[in-house]
Amino acid sequence: MILRRVLIANRGEIALRILRTCRRLGIETVLAASDADLASVPARLADRVVRLGPPPPSASYLDVDAVLAAARTSGADAIHPGYGFLSENQRLAQACAEAGIVFIGPTVEQLAAVGDKLEARRHAIAAGLPVVPGGPLDDAGDAARLAAEIGFPLLVKAVGGGGGRGMKQVHDPAALASTIDLAMAEAGAAFGDPRVYLERFVATGRHVEVQLLADGENVVHLGTRDCSVQRRYQKLIEEAPAPVLDAALREEMHRAAVALGKYLGYRGLGTVEFLVDVDRGTFYFLEMNARIQVEHPVTEAITGLDLVAEQLAVAEGRSLSFGQADVSFSGHAIECRINAEDWARDFQPSPGTVTEAVWPLGDGIRIDTHLQAGATVPPYYDSLLAKLIVHGRDRDEALARLRGALARCAIDGVSTNTALHQAVLTETDFAEGGVDTAWFTRFLRDHPAAGSVSLSSGGGTHG
């Protein structure tokens, strides 16, 4: 099926990113937007805009019926959900299938296979992947026995959680029962599913993921990304390929990710996330994300591929146009997430009106953003304003370009975390590469507020 009109069921930079590729391919775009986004840059550039509903996501971007109605009334052939919101929603995928509309993503069965953490773990084991020691908590009374097998510290994880939500560390066996009770109550309230499971807490771990592209039969990997710089399990900086990683371990991770993709008969873009246990020199399967990811541009930078275009091709029912041997990697890429938040005030969100937005230009620099002067940053959604992506012949060149590019960012009217990124780049550990997931917590401990950091770049940022 040739796609002629695609409904973009998302907002912000990813809506604009999808729109640009559709336009390049001659596909009409319909933007499904809430009242808060009807005057946004994506809304101004789309061929058509359909109102979804009021600003709160539950009444607009998370409303399956409203999104499906928008696709029907606009005559769209397909729905691209972007990331977040309904991107991995089985009900939307099923409704699309019943309405004869293409859901740009994997099948309903594949979403079910990886959307539930325990199911994903079961499939990973069946595909031969190593998983973090742990298991489901069928009976709260049995927690002590399972915890003794795993060892402390451990994590209590919500089956329905994601993106770091629904996770709690337990260091003291005496706190296990109360933490499980709390985690189950919170999981029930947040995800509608109170189930939790226990997993070993890896103290010195790195978050490394492998990008997959598949057409239901053929599966290729597009290399690794390192996303270890995180705050409360939310990624801040991503790079490709993962630096300072043993070559044999990297190849094992590639093979493991492809094995899972083939086991599932996967279709579309997918990311297999691993935890690299630095102390043991091994890795474990964490989860699989069945969608395009925020950090996809660093993979595009080192492979030269347009991943949205590849998604659209697979959604049209086409086979992959290349095999693994055709994939080549060039240089190194790093992405910084520029968020509207105030580092000096415990990362408090900073909605408002942007009075100035100047982005850097130059060789190896890419900005994915929907933001320009006069734009409103509404309080209802994620605080991501832009992604600054740099690409160099090697990591040193990429770092140099990133330092220069950050110094030329100028955003006024809302607070941003650009100064935080500059401060991270002054750190020797980060410059050497291969920091673990606890590194950023240590960095914040040593730099409790923006004002305490001396920036070697000389500033140049606003907000």
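Are glutamate 199 and arginine 121 buried or exposed? In this predicted model, glutamate 199 is buried, and arginine 121 is buried as well.

## A buried charged pair

Glutamate 199 and arginine 121 form a salt bridge, in which the closest N and O atoms are 3.7 Å apart. The two residues come from distant parts of the chain, since glutamate 199 belongs to strand β9 (residues 196-200) and arginine 121 to helix α6 (residues 117-126), 78 residues apart. Side chains of opposite charge can pair when their charged atoms come close.

## The parallel sheet

Five strands make up an open sheet in the order β3-β2-β1-β4-β5, and their pairing is parallel. Strands β3 (48-53) and β5 (102-103) stand at the edges with a single partner strand each, so one side of each has no neighbour in the sheet. At the β5 edge, strand β4 (residues 78-80) runs parallel to β5 and is joined to it by two bridges, and isoleucine 79 stands opposite phenylalanine 103 in β5.

Helix α3 (residues 64-74) lies across four strands of this sheet, namely β1 (5-8), β2 (28-34), β3 and β4, and runs at about 150° to β3.

## Strand β12 and its partners

A second place to look is strand β12 (residues 234-240), which is mostly covered, with six of its seven residues buried. On one side of the pairing pattern is strand β11 (residues 219-231), which runs antiparallel to β12 and is joined to it by four bridges; here aspartate 226 has glutamate 239 in β12 as its bridge partner. The two strands β11 and β12 form a hairpin with two residues between them, and arginine 232 in the turn has a positive phi of about 50°.

Strand β12 also pairs with strand β15 (residues 332-339), again in the antiparallel sense and over four bridges. In this pairing, alanine 240 stands opposite alanine 333 in β15.

## Aromatic pairs

Across the whole structure, a search finds nine aromatic pairs. One of them joins tyrosine 61 and tyrosine 381, whose ring centres are 5.6 Å apart and whose planes stand at 80°, so the pair is edge-to-face. Tyrosine 61 lies in the loop between β3 and α3, whereas tyrosine 381 lies in the loop between β21 (376-377) and β22 (384-392), so the pair ties together parts that are 320 residues apart in sequence. Tyrosine 61 counts as buried at 1% relative accessibility, and tyrosine 381 is buried with a relative accessible area of 11%.

Tryptophan 343 and phenylalanine 443 form a stacked aromatic pair, with 6.2 Å from centre to centre and 20° between the planes. Because tryptophan 343 lies in the loop between β16 (341-342) and β17 (348-349) and phenylalanine 443 in helix α15 (residues 439-446), this pair ties together parts that are 100 residues apart in sequence. Tryptophan 343 is buried, with a relative accessible area of 6%, and phenylalanine 443 counts as buried at 3% relative accessibility. Both residues belong to one aromatic cluster, formed by Trp343, Phe430, Trp439, Phe440 and Phe443.

## Arginine 395 between a ring and a carboxylate

Arginine 395 lies over the face of phenylalanine 430, at 5.3 Å from the ring centre, and phenylalanine 430 is itself a member of the aromatic cluster. The side chain of arginine 395 also meets that of glutamate 239 in a salt bridge of 2.6 Å, N to O. Since arginine 395 lies in helix α12 (residues 395-407) and glutamate 239 in strand β12, the pair ties together parts that are 156 residues apart in sequence. Arginine 395 counts as buried at 12% relative accessibility, and glutamate 239 counts as buried at 5%.

## Other salt bridges

A search of the whole structure finds 37 salt bridges. Among them is the pair of glutamate 186 and lysine 168, with the closest N and O atoms 3.0 Å apart. This pair links distant parts of the chain, with glutamate 186 in helix α8 (residues 176-191) and lysine 168 in strand β8 (residues 165-170), 18 residues apart. Glutamate 186 is partly exposed, with a relative accessible area of 39%, and lysine 168 counts as partly exposed at 22% relative accessibility.

Salt bridges also link Glu209, Arg225, Lys235, Glu238, Glu273, Glu295 and Arg337 in a network.

Methods. Residues numbered from 1 in each chain as written. Predicted model: local features only at pLDDT ≥ 70, side-chain atom pairs only at ≥ 80, totals over all residues. Heavy atoms only, no water. Pairing = 2+ DSSP bridges. Contact = heavy atoms within 4.5 Å. Axes fitted to C-alpha atoms, helices over the stretch in contact; angles between N-to-C directions. Buried < 20%, exposed > 50% of the residue type's maximum accessible area, 1.4 Å probe, protein only. Phe/Tyr/Trp six-rings, centres within 6.5 Å; stacked < 30°, edge-to-face > 60°. Lys NZ or Arg CZ within 6 Å of the ring centre and 35° of its normal. Salt bridge = Lys/Arg side-chain N within 4 Å of Asp/Glu carboxyl O.
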